[in-house]
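Visitor: I have a fresh model to look at, and I would enjoy some company. Could you walk me through it?

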Amino acid sequence: MNIDAWVWWLVGAAALGIPLVVTAMPEFGMLAVGAVAAAVVSALGFDAVIQVLAFVVVSVAFIAVVRPIAARHSTQRPQLATGVEALKGRQAVVLERVDGSGGRIKLAGEVWSARALDTGRAYEVGQEVDVVDIEGATAIVL
């Protein structure tokens, strides 16, 4: 039984998919895409040199272009802040006098314990403050 070259390229692409899944290294996926490109070139009837060239060019292009973009995206912070991170930078209203030892504020519709970032400063009832940090269940305000 004679198996066409394009089938071998697809087998190679599938074989490269296994370490991609096991190691989570995207470079294996990029090499697999190169193997698929070589399979297409083979199915179109081009010889082995052109097939290997297609594999190398597509694989290197993906590694050179896609890998830096993926690396940049993996190091970025999420655009949408959730949980405690979403409360930082918001304004709140003082419900009970807030100083360095404590107090209460209304933040995002909820009552929070709070303390002043500057321990020598106090904020009076009704005053608007900015939340700079959250420590446990206490908002640090400025």
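**A tour of the helices and cores**

Guide: Gladly; bear in mind that this is a predicted model. A good place to begin is Trp9, which is buried, with a relative accessible area of 18%.

Visitor: Which residue forms an aromatic pair with Trp9, and is the pair stacked, edge-to-face or tilted?
Guide: The count of aromatic pairs comes to one. In that pair, the ring centres are 5.5 Å apart and the planes meet at 35 degrees. Planes under 30 degrees apart would count as stacked and those over 60 as edge-to-face. The partner is Phe55, and the pair is tilted.

Visitor: How many residues apart in sequence are the parts that this pair ties together?
Guide: Trp9 belongs to helix 1 (residues 5-23), whereas Phe55 belongs to helix 3. The pair therefore links parts whose separation in sequence is 46 residues.

Visitor: Is Ser59 buried or exposed, and which backbone oxygen does its side chain reach?
Guide: Ser59 sits in helix 3 (residues 48-75). Its relative accessible area is 3%, so Ser59 is buried. Leaving aside neighbours within four places in sequence, Ser59 is in contact with Met30, Leu31 and Gly34. At 2.7 Å, its side chain reaches the backbone oxygen of Phe55.

Visitor: How far apart are the end C-alpha atoms of helix 2, and what span should its residues give?
Guide: Helix 2 (residues 26-43) has 18 residues. The expected span takes 1.5 Å times one less than the number of residues. That calls for 26 Å, and the end C-alpha atoms agree because they are 26 Å apart.

Visitor: Which helices are included in what covers the buried residues of helix 2?
Guide: The buried residues of helix 2 include Glu27, Met30, Gly34, Ala35 and Ser42. Among the elements covering them are helix 1 and helix 3.

Visitor: Which residues does the UniProt annotation "transmembrane region" cover?
Guide: Let's take the model first: residues 6-22 are 100% helix, with end C-alpha atoms 25 Å apart. Residues 52-70 are also 100% helix, and their end C-alpha atoms lie 26 Å apart. The annotation, from an unreviewed UniProt entry, covers residues 6-22 and 52-70.

Visitor: Which residues touch the most other members of the largest nonpolar core?
Guide: This core has 15 residues, and those touching the most other members are Ile105, Leu107, Val131 and Val141. Strand 1 (91-99), strand 2 (102-107), strand 3 (110-116), strand 4 (128-135) and strand 5 (138-141) each supply at least two of its residues. Apart from it lies another core, of seven residues, including Trp9 and Ala35. To come back to your question, the names are Ile105, Leu107, Val131 and Val141.

Conventions:
Residues are numbered from 1 along each chain as its sequence is written. This is a predicted model: local features need pLDDT of at least 70, side-chain atom pairs count only at pLDDT 80 or more; totals for chains, interfaces and linings use all residues. Side-chain values use heavy atoms; hydrogens and water are left out. Helices (H or I, at least four residues) and strands (E, at least two) are DSSP runs, numbered from the N terminus. Buried means under 20% relative accessible area, exposed over 50%, partly exposed in between (1.4 Å probe, protein chains only). A polar contact is a pair of N or O atoms within 3.5 Å; within protein, one must be able to donate a hydrogen and the other to accept it, and residues adjacent in sequence count only if both atoms are side-chain atoms. Contact means heavy atoms within 4.5 Å. Rings of Phe, Tyr and Trp (its six-membered ring) pair if their centres lie within 6.5 Å; planes under 30 degrees apart count as stacked, over 60 as edge-to-face and the rest as tilted. A nonpolar core is a set of buried Ala, Val, Leu, Ile, Met, Phe, Trp, Tyr and Cys residues joined through side-chain atoms within 4.5 Å. UniProt positions are given in the numbering used here, feature names are shortened, and annotations may be inferred rather than shown by experiment.
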